[in-house]
Number of protein chains: 2
Amino acid sequence: MRIEIICTGDEVLTGKINNTNFGYMSQKLEDVGLSVIWGTTVGDDRKSLLEAFRLATTRADAVIVNGGLGPTVDDLSQEIAAQAAGVELVLNEEWLAKMEGFFTRRGRTMPPNNRKQAMLPSTAEMLDNPVGTACGFALDIGKTRFFFTPGVPRELRRMIEEQVIPRLLARSGAPVSIHLKRFHSYGLGESHVDSLLAGVETLDPSGGVKLGFRAHYPQLETKLTVRGTDMDDVRRRLAPIETEIRKRLGNFILAQDDETLEGNVLAALAKGGSTLSVVETFTSGGIASRLAALPGAEKVFRRGIVARDLAQVLDAVGVTTVATSITCEGSEAVAQAARRQAGATHALAVLVDLDEGADRLDLGGSIHIAIATDRGVEYRLSRILGGRDWVRLGAIELGLDCLRRFLFGLPVDERTDFEKKP
Amino acid sequence: MRIEIICTGDEVLTGKINNTNFGYMSQKLEDVGLSVIWGTTVGDDRKSLLEAFRLATTRADAVIVNGGLGPTVDDLSQEIAAQAAGVELVLNEEWLAKMEGFFTRRGRTMPPNNRKQAMLPSTAEMLDNPVGTACGFALDIGKTRFFFTPGVPRELRRMIEEQVIPRLLARSGAPVSIHLKRFHSYGLGESHVDSLLAGVETLDPSGGVKLGFRAHYPQLETKLTVRGTDMDDVRRRLAPIETEIRKRLGNFILAQDDETLEGNVLAALAKGGSTLSVVETFTSGGIASRLAALPGAEKVFRRGIVARDLAQVLDAVGVTTVATSITCEGSEAVAQAARRQAGATHALAVLVDLDEGADRLDLGGSIHIAIATDRGVEYRLSRILGGRDWVRLGAIELGLDCLRRFLFGLPVDERTDFEKKP
């Protein structure tokens, strides 16, 4: 099935809003085995919209139009859809009642211009929007099926997942069940993971499994799209491949599906009734901010200390030794002191010795990581190159991932693709 | 001049890469008074590319094509450009020599497949890429001028600013000088600022000044595009409008042009030979991380303390009073103690009393802000509603902005649009 996405709106066309809806929709369709073949962006302009709809009918079987369903005069999607389909706009009583209820529940009266949002082309099928007043709809223009969706990302997401994708799958004659399995890893580059996983899809000889990646430094997402006749079939196909992926990527998998690294670290600490203290330097609170704001962190996260100067670090945790550079022993002493000071069961110290001079592509940092408990301290030294931001982001991720490894009983010093020999 | 942007590449079409290039280009063009009328996205596919180029010639005077200039077989832009223009690809000796020098300087030999990047359509004008091996070029297809640019954002940005925009302006017959003036503010919503600035453009009666906004919560950017015959003329037109904008937005302007809030706070502290200690709770290191990683912060940022529990906050700064809730006096004592403890001239404490319960749209937090120096403490209490993330981001911004106001001698308790009465 050939699918086109048409994004509408002056704010998107002028770049005033960064358009994340296109990428979201395209990924969601890819994840269920559907492909977008063309993307169009036009403003709130009658002539452009009509021409965009007309052109799409010449090359696509299905079109998703995003935006233009609002109550104001520059929201033109219903009007131009009706014009392109050669039908009238009619009031949809069901949606009008729903909108009035929406306002009533908030103790307000519906403004008159919202009535426009219930005017749909006479041949349209309504697509429910459970979280807003913009009503989605589907209709044929020529031989092409058009799906009209709201521009507000939160509303779009619900409608794509609950209304549009099931209809597209039904039309494409795809198998009943499609499941997306995701693994998040840190420490291996995309091409490295690609070669490690070579041939893994063929463990399902019917070709029902598709492998893909999405890199967002420092993490990599490995995605498996599994198609089957039903969910049992999907599970049967996925099982051997999941086992093989876990074997090949091993300790580098830090989370799956909607889990996050910091969420898993927090959960592991909470499960053990543990508490955490963090000491960081150039990462500047980047480690604390990944953990301490999470729901439930108030019971686990004891204290974070940020300082750029080693003397301040030592003073803050009450280590009286005079030191002029960061060492293994110094890092261990800092972690242990921070743990005791805050009365925590665990402490993580990430102390960065940043190269001197202006920012540049080969500016690096030596990352000293120490994890303390009442049974001792684990230490790791690493070196990351790539400029200030790259080093800072890398050190945050490495520090959190070492803590994850420690909490799950995995080696904390397994070498990554992103580090140089210190 | 009607301008179209064509983004190419399977990774962009499938959403594997989030396409930020389109919005960047569109904004840059808007900023110099040019407008994009159509956007197209297609994959690395000969038929789609040729059709996209053909369609663009029917509706645009100028087209910017992004991507497809790399060395691999799926990079097709030069080939399809030549085909669409009905000309041959020829080797550009100048670019070949430049590429070879690029590799030689890095102690490497140029791989043979990079030679492809120097094959340009015979009628093409070369567009320099000082930071990569992808050569840009311009040529006519029909009556439309096409500009081909690299997909790597860093390379694209240089080429758009240095090569493409000057050529587009020359073709559009626009005035010689165009200047973009930006003001960053916090605390006033977009529609509020819009009404405060009503009519300000008419202070230049010739219509050479255009006003625009870009909101990225919690900050708002107010942009003035000024067109004149030369830079003196631009300055003359801008001066009265800038004065008026500063008068109307007053203390809410926190930075201009490329400045940032945190950069201005750091600069003000550094200029006064001052140093800073920070104490934060639910903001979780978000304040420290805005300041402490900046170049030069190592001389200014003394210490940051993060804790979710009030007892931990008090213990960390050495306040022995037992307190069960955050008060004005308590916040002031914490800030003053943190300042003394770290030997800093200034301390900022941002202590958030977050509402209980699950995340929801009306979940709020009471924000206690205290700024201590050796001359005493300034205190402010605010309340922000809107869910966990909204409260956290708002508290970070409010805390930093109060510190800016304090350092610049402005009132720290001026009411914002984003807060409720505590």
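Reader: How many residues does each chain bring to the contact between chain A and chain B?
Author: Chain B gives 45 residues and chain A gives 45 residues, where a contact means that C-beta atoms, placed from the backbone, lie within 7 Å. This is a predicted model, in which local features need pLDDT of at least 70 and side-chain atom pairs count only at pLDDT 80 or more, while totals for chains, interfaces and linings use all residues. Residues are numbered from 1 along each chain as its sequence is written, and chains are lettered from A, with ligands numbered from 1, in the order in which they are written.

Reader: And which element gives the largest share on the side of chain B?
Author: That is E2(B), with seven residues; strands (E, at least two residues) and helices (H or I, at least four) are DSSP runs numbered from the N terminus.

Reader: How do the E14 strands of the two chains pair?
Author: Strand E14 (residues 301–306) of chain A and E14(B) run antiparallel over three bridges, pairing being called when DSSP finds at least two bridges between strands. Within E14(B), B:Val306 is the bridge partner of A:Gly304.

Reader: Changing topic, which domains does chain A have?
Author: The assignment, which is automatic or from a database, gives domain 1 (2–172), domain 2 (177–256) and domain 3 (261–407). The C-alpha centres of domain 1 and domain 2 of chain A are 33 Å apart.

Reader: What does B:Val334 touch, beyond its neighbours within four places in sequence?
Author: Its contacts there include B:Val279, B:Leu314, B:Ala349 and B:Ala370.

Key. Contact = placed C-beta atoms within 7 Å.
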